[in-house]
Structure formats: C-alpha cells, structure tokens
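User: I have a structure here and want to know what the labels rest on. Please take me through them.

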Amino acid sequence: MDSSELGSSRPAGVASGLTLPPGLTEEEAEEMQMELIKVEDEIETLRQVLVAKEKHAAELKRRLGISPLSEIKQNISKGWQDVQCSSA
C-alpha cells in the first residue's frame with residue numbers, strides 16, 4: 001500500500017465501524033489512528049529511501065567492477081578462512 005492509497009482510504013473518524021477496545025476512549029483511539037497513519041507514511045518513505053540507496057550501491061559496485069560472482073567468491077573465501085581459524 002503506497003501513500004496515495006493511504007490518502008484515499010483514511011477514515012474520517014474512528015467511529016466508522018471500528019469497535020473500540022475496552023478502556024480506550026474514542027478520542028484516544030482517534031489519536032492512535034492518526035499516529036498509526038503517520039508511522040505508516042514514515043515506513044513508506046524509508047522504503048523509498050532504501051530502494052534508492054540500494055540502486056546507488058549497485059551502481060557504485062558496477063562502476064568499481066564488483067560483480068555478484070566476485071562478491072560470492074569473497075564471501076566463501078572469508079567464510080572458509082573463518083572456519084580454518086576457529087577453535088572448534
């Protein structure tokens with residue numbers, strides 16, 4: 001669900017068919033609903049930033065000549081070295 005979907009489906013109030021949990025006033029539920037919307041928007045923004053940074057990292061690796069195969073070889077080599085150096 002992206003932020004444009006959130007904007008079109010946001011409830012005007014909590015009383016729009018939701019049952020309030022015991023001990024929670026409608027005002028508290030409304031505040032929590034607004035906070036939830038805000039947090040979900042922040043999560044979506046962070047996802048977009050992460051995707052952009054992953055693309056940037058991939059471009060830097062490509063320009064440096066680091067291929068996925070060379071990364072796998074390096075990881076295997078490091079793992080094997082760690083196994084050899086362990087006391088187990």
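**Helix pairs and surface labels**

Analyst: Lys78 and Asp82 are separated by about one helical turn, because they are four residues apart in helix α3 (residues 68-85). The model is predicted: local features need pLDDT of at least 70, side-chain atom pairs count only at pLDDT 80 or more, and totals for chains, interfaces and linings use all residues. Residues are numbered from 1 along each chain as its sequence is written, and side-chain values use heavy atoms, with hydrogens and water left out.

User: What makes Lys78 and Asp82 a salt bridge?

Analyst: The N to O distance between their side chains is 3.3 Å. The rule asks for a side-chain nitrogen of Lys or Arg within 4 Å of a carboxyl oxygen of Asp or Glu. The pair therefore qualifies. Side chains of opposite charge can pair when their charged atoms come close.

User: How many salt bridges does this rule give?

Analyst: The count comes to four. Glu59 and Arg62 form one of them, with the closest N and O atoms 2.6 Å apart. Both residues lie in helix α2, three residues apart, about one turn of the helix. Arg47 and Glu44 also meet in a salt bridge, at 3.9 Å, N to O. Their separation is likewise about one helical turn, because they are three residues apart in helix α2.

User: Why is Glu44 called buried?

Analyst: Its relative accessible area is 15%. Buried means under 20%, exposed over 50%, and partly exposed in between (1.4 Å probe, protein chains only). So Glu44 is buried.

User: Is its partner Arg47 buried or exposed?

Analyst: Exposed. Arg47 has 52% relative accessibility, so it passes the exposed cut-off.

User: Which labels do Glu59, Arg62 and Asp82 get?

Analyst: Glu59 is at 33%, so it counts as partly exposed. Arg62 is at 55%, so it counts as exposed. Asp82 is at 41%, so it counts as partly exposed.

User: What makes Glu27, Glu28, Glu31 and Glu35 a negative patch?

Analyst: These four residues form a negative surface patch. Patch residues need over 30% relative accessible area and no salt bridge; like charges are joined within 9 Å, nonpolar side chains (Val, Leu, Ile, Met, Phe, Trp, Tyr) within 5 Å. Lys and Arg count as positive and Asp and Glu as negative; His and the chain ends are not counted. The place of a charge is NZ of Lys, CZ of Arg, CG of Asp or CD of Glu. Glu28, in helix α2 (residues 26-64), has 35% relative accessibility and so counts as partly exposed. That value therefore passes the area cut-off for a patch.

User: Which residues form the nonpolar patch?

Analyst: Leu60, Leu64 and Ile66, with about 280 Å² of accessible area together. Areas come from the Shrake-Rupley method with a 1.4 Å probe; for residues, only the protein chains shown count as cover. Leu60 is found in helix α2. At 37% relative accessibility Leu60 is partly exposed, so it too passes the patch cut-off.

User: How do you know that α3 is close to its expected span?

Analyst: α3 has 18 residues and reaches 26 Å from its first C-alpha to its last, close to the 26 Å expected. The expected span is 1.5 Å times one less than the number of residues. α3 is also hardly covered, with zero buried residues.

User: What is the overall pattern of the protein chain?

Analyst: Along the sequence, α-α-α. There are three helices and zero strands. Helices (H or I, at least four residues) and strands (E, at least two) are DSSP runs, numbered from the N terminus. Of the 88 residues, 6% count as buried.
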